[in-house]
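Please open the model in a viewer and set the display so that individual residues can be selected. The tour proceeds from one selection to the next.

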Amino acid sequence: MTRSFCLALALIAASLSGAQAQAPSKERAAADYEWVFHYYMAYDNNLEKCGQPIIKMLKQGITSDKVVVVVTADFRNDEGMQRYILTKDDQKMTQLSEEGCAEEEVLAAELEWVSNHFSAKRYAVVFLNHGGRLGEMSYDERPGKKGGQKWLFPPEVGTVMTKWRKSLAGECELFFYQQCGKGTLENYHAVKDAAKFVMGSQTVVGAPNYYYTKFLKDVCATPDLTGKEIAALITKHETPNMFTTYSTFDCEALGDLPQKLDAVLKPLLALETVKLPRGRKDFRPCFDFKPDETMFDAFAFLDGMYAANGVDTAPLESFKAWSKETLMTGHRVSEQQVEKAGGWCGYSLYFPMTRRALTRYTESYPIYRETQLDEFLHKVIDTLDVLRKKLVERRRAAAKKAGAGKR
């Protein structure tokens, strides 16, 4: 069975079991919250030491009876996950038997538990952990069962979150990738139906981060906020040493992305071959996962491609204007990183160094099914293959010449 089919079966099973185990309780009937924040803390790795300090900072920020924080935490032990309920006057922890925080069905069950027990006008879901390759988020060092997943997969997380959002009486206002390197156009588009707004970072994110207490105090004081405003508060209160960039996107606008992106790619696809920008400056990555996956700032990459191929920039300038005016609703660069990232647009594009690195995602990421991005990247890889071949030939010729000189 495919991974997606297995996930579908698991979600159905979780839904049926949840109907019995999670019958509406007095707690749910009495709950009437302005905001519920669900922090999915998959810290079964070297980030475990950051877990309790984060929970403490979250608890200190809750000053209203109308705001609740639920933390689903997985730490470095074999005892299972823990669920923390943080309110103004209380903190409760429940020990869970489940250990597989990188299983999408486990995420689905936790989301369902949150909405079954805490009815709210608005929800936000924050994913804390490491980020890896393009398709890897929320690293689980020890899954707890043989063959268990070690990473959540963003497109499937998008599917789980979208289904959950539809079940809510309120609204899921914000999806926050609070982990390294998930700030690519591909990953934002993959969760466009999961919330009204999505936020992430183009590069490395620090830990434990320090925005929690001040952010929640602001929310408690003025709870009538949108996901866009919530994201702005998070970036406002984050300390400069904990991030490089944070950017927020309108998920409705992400639905218009395919046609907007194809218009930019059309002139490049019309070329028989594409030339690559020369010089390291044009190809300075925001994030990479060696040896074959790299992410470049989208504007810098497209600017370089247009310039190297002598293409009229009108379509690109139109795309940039739409991105700045409609797609992106917030962007902050750390005061400590302006020299490095001050010119970045706020999101990256995935740059596979090999055909294999591209094809591992073309069937599962919606953006590749809905745009010509994969076709464009194949053309880029064709150019890379030619350059690699020439480099090998030059090295062989140099080695042969050096050998002849010794004789």
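The stops below run from the core to two helices and then to two single residues.

This is a predicted model, in which local features need pLDDT of at least 70 and side-chain atom pairs count only at pLDDT 80 or more, while totals for chains, interfaces and linings use all residues. Residues are numbered from 1 along each chain as its sequence is written, and side-chain values use heavy atoms, with hydrogens and water left out.

**The core.** Select Phe37 and Tyr39, which touch the most other members of the 125-residue largest nonpolar core. Such a core is a set of buried Ala, Val, Leu, Ile, Met, Phe, Trp, Tyr and Cys residues joined through side-chain atoms within 4.5 Å; buried means under 20% relative accessible area, exposed over 50%, and partly exposed in between (1.4 Å probe, protein chains only). Strand 1 (residues 33-42) gives the most to this core, with 8 residues. Helices (H or I, at least four residues) and strands (E, at least two) are DSSP runs, numbered from the N terminus. Leaving out residues up to four places away in sequence, the contacts (heavy atoms within 4.5 Å) of Tyr39 include Leu58, Val69, Val71, Leu128, Tyr212 and Phe215.

**Helix 7.** Next select residues 212-221, where Tyr212, Thr213, Phe215, Leu216, Val219 and Cys220 are buried. They share one side of helix 7 because they cover an arc of only 165° around the axis, taken from the directions from the helix axis to the C-beta atoms. Lys214 and Ala221 are exposed on the face turned away from that buried side. Among the packing partners of the buried residues are strand 1, helix 3 (51-61) and helix 8 (227-237).

**Helix 8.** Move to helix 8, whose buried residues include Ile230, Leu233, Ile234 and His237. These buried residues pack against elements including helix 7, strand 8 (245-250) and strand 11 (328-333).

**Valine 68.** Now select valine 68 in strand 2. Valine 68 counts as buried because its relative accessibility is 0%. Beyond four places in sequence, valine 68 touches Trp35, Phe37, Ile85 and Phe118, among others.

**Glutamate 136.** Finish in the loop between strand 5 (120-128) and helix 5 (154-167), where glutamate 136 lies. What is the nearest side chain of opposite charge to buried glutamate 136? That side chain is arginine 133, 4.3 Å away, and glutamate 136 has no salt bridge. A salt bridge requires a side-chain nitrogen of Lys or Arg within 4 Å of a carboxyl oxygen of Asp or Glu; Lys and Arg count as positive and Asp and Glu as negative, with His and the chain ends not counted. The side chain of glutamate 136 does reach the backbone nitrogen of arginine 133 at 2.9 Å.

Technical notes:
Polar contact = N/O pair within 3.5 Å; in protein donor to acceptor, adjacent residues only side chain to side chain.
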